[in-house]
Amino acid sequence: MNDTKNPTTGIDPVEYDAAMKDAENNPDTYTHIFAHPFTYGGRTYEKLTFDWGKLTGADDLELQNEIAIQRKPLVAPEFSGEYQVKMAVRACTERDSEGRRVIGVDTMQAMPIQDHRRICSRARSFLLKSGR
């Protein structure tokens with residue numbers, strides 16, 4: 001990032017514009033820029049990128065099985081917040097230095113509601129478009 005960050009939000013406007021342009025060009029990915037840096041578990045997040053297109057049928061079945069094991073009903077994954085959160089965790093491209101995911105369901109649940117909902121909405125939109 002450069003030094004032209006918005007002093008209120010901490011977001012680099014050039015980086016934000018690039019993320020929005022990338023999202024327009026590739027509907028299988030979404031870069032979420034937090035309005036305010038989000039800190040959880042000792043890590044601060046300014047943005048997260050999700051690659052919905054990298055998920056496979058095996059991921060879909062595993063997500064459905066995880067929810068079934070929890071004895072939670074799953075009628076339509078497109079409309080299940082639980083499914084969308086788990087899907088977002090798997091689709092997140094950010095990894096630590098050892099290649100492990102940097103977010104989990106707990107991270108998604110701790111996010112401010114507007115960020116949580118926006119990410120879930122993007123997951124839902126991808127699922128709805130995929131089912132056509």
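The following dialogue walks through several features of a predicted model.

Biologist: Let us start with the strands; how many bridges join strand 1 to strand 2?

Modeller: In this model, strand 1, covering residues 29-40, and strand 2, covering residues 43-51, run antiparallel and are joined by eight bridges. At the turn of this hairpin, Tyr40 stands opposite Arg43 in strand 2, and there are two residues between the strands.

Biologist: Which residue in that hairpin takes a positive phi?

Modeller: Gly41 does, with a phi near 60°. As a general idea, most residues other than glycine have a negative phi. With that in mind, Arg71 deserves a look, since Arg71 has a positive phi of about 60° although it is not a glycine.

Biologist: Where is Arg71 placed, and is Arg71 buried or exposed?

Modeller: Arg71 belongs to the loop between helix 2 and helix 3. To read exposure, one compares the relative accessible area with a cut-off, and a residue over 50% is called exposed. Arg71 has a relative accessibility of 78%, and therefore counts as exposed.

Biologist: Is Arg90 buried or exposed?

Modeller: The cut-off for buried is under 20%, and Arg90 is buried because its relative accessible area is 12%. This arginine is found in helix 3. Leaving aside residues up to four places away in sequence, Arg90 touches Lys54, Leu55, Asp59, Glu62, Leu63, Glu66, Arg95 and Arg101.

Biologist: What about the cysteines; how many disulfides does the structure hold?

Modeller: A disulfide is read from the distance between two cysteine sulfur atoms, which must lie within 2.5 Å. The structure holds zero disulfides. Two cysteines can also be read by their accessibility: Cys92 is buried, with a relative accessible area of 1%, and Cys120 counts as buried at 5%.

Biologist: Turning to the largest pocket, what is its volume, and which residues lie nearest its centre?

Modeller: The volume of the largest pocket is about 180 Å³. Its lining is made up of 14 residues, and those nearest the centre are Asp60, Tyr83, Met87, Phe126 and Leu127. The elements that give two or more residues to this lining are helix 2 (57-69), helix 3 (81-91) and helix 5 (113-130).

Biologist: How many residues of that lining are nonpolar, polar and charged?

Modeller: To describe a lining, one sorts its residues by class, and here the division is eight nonpolar, three polar and three charged.

Notes: Residues are numbered from 1 along each chain as its sequence is written. This is a predicted model: local features need pLDDT of at least 70, side-chain atom pairs count only at pLDDT 80 or more; totals for chains, interfaces and linings use all residues. Side-chain values use heavy atoms; hydrogens and water are left out. Buried means under 20% relative accessible area, exposed over 50%, partly exposed in between (1.4 Å probe, protein chains only). On a 1 Å grid over the protein atoms alone, a cavity is a set of points where a 1.4 Å probe fits but cannot get out, and a pocket is an open set with protein on both sides within 12 Å along at least five of seven lines; lining residues have an atom within 4 Å of a point. Grid points are joined across faces, edges and corners, and a volume is the space filled by probe spheres set on the points. Helices (H or I, at least four residues) and strands (E, at least two) are DSSP runs, numbered from the N terminus. Ala, Val, Leu, Ile, Met, Phe, Trp, Tyr, Cys and Pro count as nonpolar, Asp, Glu, Lys and Arg as charged, and the others, Gly among them, as polar. Contact means heavy atoms within 4.5 Å. Two strands pair if DSSP finds at least two bridges between them.
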